[in-house]
Amino acid sequence: MTERPEAPTYRPLPLPDRVQLPPDESRAAAEGFRDYMARRHSVRQFSAAPVDEAVIAACIAAAGTAPSGANQQPWHFVAIRSPELKARIRAAAEEEERRFYGGGAPDAWIRALEPIGTGIEKPHLTDAPWLIVVFAQRHGQNPDGTPRKHYYVPESVGIACGLLIAAIHHAGLVCLTHTPNPMKALPGLCGRPDNEKAAMILPVGYPAPDATVPEVAKRKKPLSEIMSVL
């Protein structure tokens, strides 16, 4: 009988890094970050200009610092620059979109998407120099090969994706949160195991010179609608 690996024990460490600021500097930093992130846009038209792999790696490494349930980090990021693989992913995504727009989605959902201008064709999946496919790990693996349950997987992966998108913006790049459903082909195309489920595709690169965004995308809810102070 294989012995179970010994569970790690709790060992507190002194706070390794302190980034606290005086109150006036804290407010200025928060407001500056707010204004900077307001300049982030989801883009569907990409330039063919290349992006160095080191930039993509640094953005993914930033995403990997995200907090997660029981610190199990239930994610994997596949960075793709192969034109052939990007073309196969686009073909699979557009096939799913044909089903979606061909009756698979409720009419209300289709109407909600109309101001965004989306459709079946997904040229951004082949135009962008990089695709980052984010996978959520339903469970992990112990050193002895037995499965290890993961906790709060959607929440953890969502936080990591938020950090990734912020890192991409900070690097002077743009991306698009592309979430075709159910993306069943992606694990096989990306060589990922059965315990992983594709959560998102992020085309990443520079915006095309003629890039546009939907006018409605600039309509953000005011602070009074998204914040309550009790």
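The exercises below, each with a worked solution, deal with a predicted model of a single structure.

**Exercise 1. Describe the overall make-up of the chain, giving its helices, its strands and its extent.**

Begin with the count of elements, which comes to 8 helices and 6 strands. Next, follow the chain from the N terminus, where the elements run in the order α-α-β-α-α-α-β-β-β-α-β-α-β-α. Finally, consider the extent of the chain, whose C-alpha atoms fill a box of roughly 55 × 55 × 40 Å along the principal axes.

**Exercise 2. Work out which strands stand at the edges of the open sheet, and why one side of each is left without a neighbour.**

Start from the order of the 4 strands in the open sheet, which is β1-β2-β6-β5, with antiparallel pairing. Then look at the two ends of that order: β1 (75-80) and β5 (174-175) each have a single partner strand, and therefore one side of each has no neighbour in the sheet. To see how β5 is held to its partner, note that 2 bridges join β5 to β6 (residues 196-205), and that these strands run antiparallel. In one of these pairings, V174 has G205 in β6 as its bridge partner.

**Exercise 3. Identify the strands that helix α2 lies across and those that helix α6 touches.**

Take helix α2 (residues 53-63) before the other: it lies across β1, β2 (130-137) and β6, and runs at about 165 degrees to β1. Turn then to helix α6 (residues 153-170), which packs on the sheet and touches β1, β2, β5 and β6, while its direction makes about 160 degrees with that of β2.

**Exercise 4. Characterise the largest pocket by its volume and its lining.**

The volume of the largest pocket is about 750 Å³. Its lining is made up of 27 residues, and S42, R44, I116, L176 and T177 lie nearest the centre. The elements that contribute two or more residues to this lining are α3 (83-104) and α4 (107-113), and α3 gives the most, with 4 residues. Sorting the lining by class gives 12 nonpolar, 8 polar and 7 charged residues.

**Exercise 5. Explain how far apart R27 and E31 are in helix α1, and describe how their side chains meet.**

As background, side chains of opposite charge can pair when their charged atoms come close. The whole structure contains 10 salt bridges, and one joins the side chains of R27 and E31, at 2.8 Å from N to O. Because R27 and E31 are 4 residues apart in helix α1 (residues 23-37), about one helical turn separates them.

Terms used: Residues are numbered from 1 along each chain as its sequence is written. This is a predicted model: local features need pLDDT of at least 70, side-chain atom pairs count only at pLDDT 80 or more; totals for chains, interfaces and linings use all residues. Side-chain values use heavy atoms; hydrogens and water are left out. Two strands pair if DSSP finds at least two bridges between them. Contact means heavy atoms within 4.5 Å. Axes are lines fitted to C-alpha atoms, for helices over the stretch in contact, and angles run from 0 to 180 degrees between N-to-C directions. On a 1 Å grid over the protein atoms alone, a cavity is a set of points where a 1.4 Å probe fits but cannot get out, and a pocket is an open set with protein on both sides within 12 Å along at least five of seven lines; lining residues have an atom within 4 Å of a point. Grid points are joined across faces, edges and corners, and a volume is the space filled by probe spheres set on the points. Ala, Val, Leu, Ile, Met, Phe, Trp, Tyr, Cys and Pro count as nonpolar, Asp, Glu, Lys and Arg as charged, and the others, Gly among them, as polar. A salt bridge is a side-chain nitrogen of Lys or Arg within 4 Å of a carboxyl oxygen of Asp or Glu.
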